[in-house]
Amino acid sequence: MSKDRNNIVYSNKSWNDVTNKYDLLDDLEIVIKKESSEPVADNNIAPVNHTSWLSRSAVFIALVAVIGNIPVQSHLIKDAHANSTVKTFEIIPTEIDIANNSLDSSSKAIQLASSEDSLQLQDIGNIEDLLQGEDILESKELQLPARALETYAGQVNTENTSKWVTYHVKSYDNITNIFYKVGHQALLKTLKQNKEIYKQIEKLKSGSIVRANSAKGELSNLVFTHPNDSKRSYVISKNGDDYQGTWKNDVFEVRQARASFTIENGLFFDGKKAKVDNKVIKQLVKVFDWDIDFSHDVRVGDKVTAVYEEIFHDGDKVGTQNLLAAEFINKGRQFRSIRYTYADGKSDYFTPQGREMKKAFIRTPIEHARVSSHFNPGRFHPKLHKIRAHKGTDFAARTGTPIMTTGNGVVKFLGRKGGYGKTVIIQHRDGYTTTYAHMSRYKKGLKVGDKVYQSDLIGYVGQSGLATGPHLHYEFHQDKKAVNAMTVALPNSMSLSKSELQDFRNKAVNLVLQLNVLHRFVEADIEIDSAIGG
């Protein structure tokens, strides 16, 4: 060990060796004044070098107090023969310059605070008497709890045996299968006796989230929400020996989540790796499908960012909901989309400038239908047996096949129209109209003035009017002139109205800012998942 007092090297020497070698007590001045003229002697106690012991103890306790920066309390018990009361003293920490082996000048005196009065060490008379009792320090054993204390995390678990089971209803599920999945198939017989509860259970459909809570094998609560409507939930709870059901708001909580990733192995594979649900990836594909051919155009190195909704219940993540905003960088080209909800509750996706992501029109109003007669101004009419212009396109299909509107618009006409039979005419923006004829029936509740959106159901195939068989006669008019719907150049997109555009811009600001931040992350090859970005 070095003899340089300014560079002390600690070893395994005893405390006495250290204090003696480096004279740590040389700079400590303790003045002891006696309260009484004579100390109380006890012949049964061996002689002790009180001053040396006390001085070294004082320095040691002061060092510990300074390092720990906390008050140190010692409980000193007076000699049993001294007929004095027990006093508690608090040693106030002093500042000691260990490197310079000296005490701060302001700490020369060590202050002890008594429960009866406050005294300086030099004012305590005959302090040796306090240290000559049979028990120098009194210690007590602490009784620790049998198990660690639990911290409060916002939820009080009063029933340790309870648990929640979650099931997402599939398109092929029936009620029996749904209750089997949540472990309460036998309960259906009881619930059927309550007509109101069973009526709501029968409304369960694909996409519904069902949560069941059990206690000791019995259902205590069952909640479910319908697809894309997590604000209202139906709650079934046990009430004595019976069950009661009611609709409640905000049982499920919706939170925003964010993710960004680079495609290395595949869109769905890398999306799953980034903890993005397949439901969100499917929405992303649908949104950008107008601009990107996901079968051929996606490349390694393409970058994806998304802002979407996650659904929570009782603190558990139970599913995902809507894609709110997304960016897809494909072969260096950047595409962005923002979700916007109209005043009537319908939602669609737009560019940050307010243009629809999808094309304004789709070509065919019936899926996978065969064209039985093309647009032909000089066609020979099979029913009238004369030349009559065929101003539309005929799609052969079975009676009852669903018919969809090919673009957003408003129902202008609904009813019978001469040889067209049961007909619906939709007025679109920018001078476009579409006509759907020979229907067997209309969509229930559809009426003139209703706003409809691309791919909305409006009616069913039939052969009303002058028709030789079940089919749909579809016409596309531009500025009141019939054109060939299969070959006409369709507008890329429709813009929002002036008031809608202003509302869209106000609501889109936050989502655009989030995409900007995520864009920086993904460009720097920093992937974000919902656990980080949520």
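A residue counts as buried when its relative accessible area is under 20%, and by this cut-off 41% of the 534 residues in the protein chain are buried. The structure shown here is a predicted model, and its protein chain contains 10 helices and 28 strands. The accessible surface of the chain comes to about 31,200 Å², of which 49% belongs to carbon and sulfur atoms. If one takes the contacts between residues at least 6 apart in sequence, 63% of them join residues at least 24 apart.

**The sheet from β7 to β11**

- Five strands form an open sheet in the order β7-β8-β9-β10-β11, and the pairing in this sheet is antiparallel.
- Strands β7 (163–168) and β11 (242–249) stand at the edges, and because each has a single partner strand, one side of each is left without a neighbour in the sheet.
- From one strand to the next, the twist of this sheet averages 20°.
- Strands β7 and β8 pair in the antiparallel sense over six bridges, and lysine 163 stands opposite serine 214 in β8.
- Strand β8 (residues 209–215) pairs with β9 over seven bridges, again in the antiparallel sense, and here alanine 212 stands opposite leucine 222 in β9.
- The hairpin formed by β8 and β9 has two residues between the strands, and lysine 216 in the turn has a positive phi of about 55°.
- Strand β9 (residues 218–226) is mostly covered, since seven of its nine residues are buried.
- On to the next strand, five bridges join β9 to β10 (residues 229–239), with the two running antiparallel, and the bridge partner of asparagine 221 in β10 is serine 237.
- Strands β9 and β10 also form a hairpin with two residues between them, where asparagine 228 in the turn has a positive phi of about 55°.

**The sheet from β12 to β16 and its helices**

- Another open sheet is formed by five strands in the order β12-β13-β14-β15-β16, with antiparallel pairing.
- Its edge strands are β12 (253–262) and β16 (347–350), each of which pairs on one side only.
- The twist in this sheet averages 25° from one strand to the next.
- Strand β13 (residues 303–313) is joined by 10 bridges to strand β14 (residues 316–330), and these two run antiparallel, with lysine 303 standing opposite isoleucine 329 in β14.
- Helix α8 (residues 278–288) lies across β12, β13, β14, β15 (333–341) and β16, and the helix runs at about 30° to β14.
- Helix α9 packs on the sheet as well, touching β12, β13, β14, β15 and β16, and its direction makes about 140° with that of β15.

**A residue of helix α9 at the surface**

- Phenylalanine 521 lies in helix α9 (residues 498–523), and its relative accessible area of 31% makes this residue partly exposed.
- Together with Val517 and Ile526, Phe521 makes a nonpolar surface patch of about 220 Å².

**Strand β24 and its partners**

- Strand β24 (residues 432–442) is mostly covered, with eight of its 11 residues buried.
- Strand β23 (residues 422–427) pairs with β24 in the antiparallel sense over five bridges, and glutamine 427 stands opposite threonine 433 in β24.
- The hairpin of β23 and β24 has four residues between the strands, and in this hairpin aspartate 430 takes a positive phi near 60°.
- Six bridges join β24 to strand β27 (residues 471–478), which runs antiparallel to β24, and the bridge partner of threonine 434 in β27 is phenylalanine 476.
- Strand β24 is also joined to β26 by three bridges, with the two strands running antiparallel.

**Valine 461, a buried residue of β26**

- Valine 461 lies in strand β26 (residues 457–461), and the bridge partner of methionine 439 in that strand is valine 461.
- These two residues are 22 residues apart in sequence and 4.8 Å apart in space, C-alpha to C-alpha.
- Valine 461 has a relative accessible area of 0%, so this residue is buried.
- Not counting residues up to four places away in sequence, the residues that valine 461 touches include Ile366, Ala397, Ile403, His438, Pro470 and Leu472.

Notes
Residues are numbered from 1 along each chain as its sequence is written. This is a predicted model: local features need pLDDT of at least 70, side-chain atom pairs count only at pLDDT 80 or more; totals for chains, interfaces and linings use all residues. Side-chain values use heavy atoms; hydrogens and water are left out. Patches are made of residues with over 30% relative accessible area and no salt bridge: like charges are joined within 9 Å, nonpolar side chains (Val, Leu, Ile, Met, Phe, Trp, Tyr) within 5 Å. Accessible areas come from the Shrake-Rupley method with a 1.4 Å probe; for residues, only the protein chains shown count as cover. A salt bridge is a side-chain nitrogen of Lys or Arg within 4 Å of a carboxyl oxygen of Asp or Glu. Buried means under 20% relative accessible area, exposed over 50%, partly exposed in between (1.4 Å probe, protein chains only). Contact means heavy atoms within 4.5 Å. Two strands pair if DSSP finds at least two bridges between them. Axes are lines fitted to C-alpha atoms, for helices over the stretch in contact, and angles run from 0 to 180 degrees between N-to-C directions.
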